[in-house]
Amino acid sequence: MNCTKCKTKAVIGLPRHNAAFCKGCFNGFVHDQVARAIKSEKMFGKDDRLLVAVSGGKDSLALWDILLKLGYKADALYVNLGIGAYSEQSLAKVTKFAQAAAASHGATLHLHKVEQEAGAGIKELAQLIHRPTCSTCGTIKRYQFNRVAIEEHYDVMATGHNLDDEAARLLGNVLHWQEEYLDKQGPSLPASVEGFAKKVKPLYRLSERELAAYAVLNRIDYIVEECPMAKGSKMLQYKEVLNRLETESPGTKQTFYWGFLEKQSKKQPTATTMTEKDRAVLHPCTSCNQPTTAEVCSYCKMMARAKTAIPR
Amino acid sequence: MSRAGMRAYDPPMLVQLSHPARTIEVKGPKKVKELLRELNLVVEAHLVIKGDDLVTEDEMLYDGDHIEIRPVISGG
């Protein structure tokens, strides 16, 4: 198989684009896709300060790498969840990348340790407050990323969600007709109210396989092991089904998710609608000031329950 | 002499798999896509790595090769 662009030996075939690329042309393709996502969704500009949410996995480290190489000012935040050896290994990968690659671009890595604030790691915390681990993790990560973005005056928060993540989430929402979640499935969410950072997903045009290939080809050392808490999750099942369809009919995932985005853009012409909706229901948490629909936000409620459950 | 002939006394191809981590022996020569099909692995969910390099589905793998089939899916 030869590279579609330069005709040298290809390292990866991309059936959904009816193309194959050598390393150099593949890197060019990945960078182009991210640049296109940033421009078409008006995510951010070269003067904006970005905060990348990094986990040690391929997507977030590839995102940090790509943004820095494209010339953006991108720092990162790692939330240490305290999942034993898994968290230790992922922290080591993030630290290694920060020192070996990001530091030369002048980028900084922020660290937050769940145990320091909550008194326990994510697994123990979820058990103590009787909530599923993944939902506890989601609440903590969303809260901490937003907190650091606001406190450190970043303009935009970027996450490594890729095409597979978004297509699987869309499938889950459609299968359960959770229409109320569909409005927030776009790759660019505005800072609708004071206290909320703008959130973007610059990798939504790239598949999980393409991002893993980017990491391998560019010697980005990432954690290959699956999070032990995510085993058997619904998201993994949806991804598996979509990948079977994709292998038989290349382009299925992008047709599904990008087609949805196109329909949404016609239905909802601007971000104004979402901002108006948010402003009508959100107000500052009485405990921490982050926006919430309740009197006290779910993070503060969780920490309050943890304080009563964990002896200090 | 063909490449397969020259490697007649080579050890078998070693294929490293994940979830759970294990290494299996496979008889070559074999195309990447045939190897994935025989192991019932979906192309879209895996990368095939030979040494430090990615290989495409039409590439031929031989006895003595060290191959890693790396899953690309994460819980996210």
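Two strands pair if DSSP finds at least two bridges between them. Helices (H or I, at least four residues) and strands (E, at least two) are DSSP runs, numbered from the N terminus. The structure is a predicted model, in which local features need pLDDT of at least 70, side-chain atom pairs count only at pLDDT 80 or more, and totals for chains, interfaces and linings use all residues. Residues are numbered from 1 along each chain as its sequence is written, chains are lettered from A and ligands numbered from 1 in the order in which they are written, and side-chain values use heavy atoms, leaving out hydrogens and water.

**Exercise 1. Describe the surroundings of strand S3 (49-54) of chain A.**

Solution.

Step 1: burial. Buried means under 20% relative accessible area, exposed over 50%, and partly exposed in between (1.4 Å probe, protein chains only). Five of the six residues of S3(A) are buried, so the rest of the structure largely encloses this strand.

Step 2: the pairing with S4(A). Six bridges connect S3(A) and S4(A) in the parallel sense. Within this pair, A:Ala53 is opposite A:Leu77 of S4(A).

Step 3: the connection. Between S3(A) and S4(A) the chain passes through helix H2 (residues 58-69) of chain A, in a β-α-β crossover that is right-handed. A crossover is right-handed if, with the strands pointing away from the viewer, the path from the first strand over the helix to the second runs clockwise.

Step 4: the pairing with S6(A). S3(A) and S6(A) run parallel, joined by three bridges. A:Leu51 has A:Met157 in S6(A) as its bridge partner.

**Exercise 2. Place the strands of the six-stranded sheet of chain A in order and find the helices that lie on the sheet.**

Solution.

Step 1: order. The sheet is open, its pairing is mixed, and its strands follow the order S5-S4-S3-S6-S8-S7 (chain A).

Step 2: edges. Strand S5 (109-113) and strand S7 (188-189) of chain A each have a single partner strand, so each has one side without a neighbour in the sheet.

Step 3: the bridges at S5(A). Strand S4 (residues 73-80) of chain A runs parallel to S5(A), with five bridges between them. Here A:Ala76 is opposite A:Leu109 of S5(A).

Step 4: helices. Contact means heavy atoms within 4.5 Å. Axes are lines fitted to C-alpha atoms, for helices over the stretch in contact, and angles run from 0 to 180 degrees between N-to-C directions. Helix H3 (residues 84-102) of chain A lies across S3, S4 and S5 of chain A, at about 165 degrees to S4(A). Helix H6 (residues 133-151) of chain A also packs on the sheet, and its direction makes about 140 degrees with that of S4(A). Among the strands that H6(A) touches are strand S6 (156-158) and strand S8 (198-200) of chain A.

**Exercise 3. Which residues of helix H11(A) are buried, and which exposed residues does the face turned away carry?**

Solution.

Step 1: length. H11 (residues 252-267) of chain A has 16 residues and reaches 22 Å from first to last C-alpha, close to the expected 22 Å. The expected span is 1.5 Å times one less than the number of residues.

Step 2: the buried residues. These are A:Lys253, A:Gln254, A:Tyr257, A:Trp258, A:Phe260, A:Leu261 and A:Gln264. Seen down the helix axis, they fall within an arc of 145 degrees, so they line one face of H11(A). The arc is that of the directions from the helix axis to the C-beta atoms.

Step 3: the other face. A:Thr255, A:Lys263, A:Lys266 and A:Lys267 are the exposed residues on the face turned away from the buried side.

Step 4: the cover. Helix H7 (163-175), helix H8 (179-182) and helix H10 (234-248) of chain A are included in what covers the buried residues of H11(A).

**Exercise 4. Outline chain B and its sheet.**

Solution.

Step 1: elements. Chain B has two helices and seven strands, which run α-β-β-β-α-β-β-β-β from the N terminus on.

Step 2: the sheet. Five strands form an open sheet with mixed pairing, in the order S2-S1-S7-S4-S5 (chain B). Strand S2 (22-26) and S5 of chain B stand at its edges. From chain A, H9(A) packs on this sheet and touches S4, S5 and S7 of chain B.

Step 3: strand S4(B). Four of the five residues of S4 (residues 46-50) of chain B are buried, so the strand is largely enclosed by the rest of the structure. B:Lys50 is opposite B:Ile67 in S7(B), and its bridge partner in S5(B) is B:Asp53.
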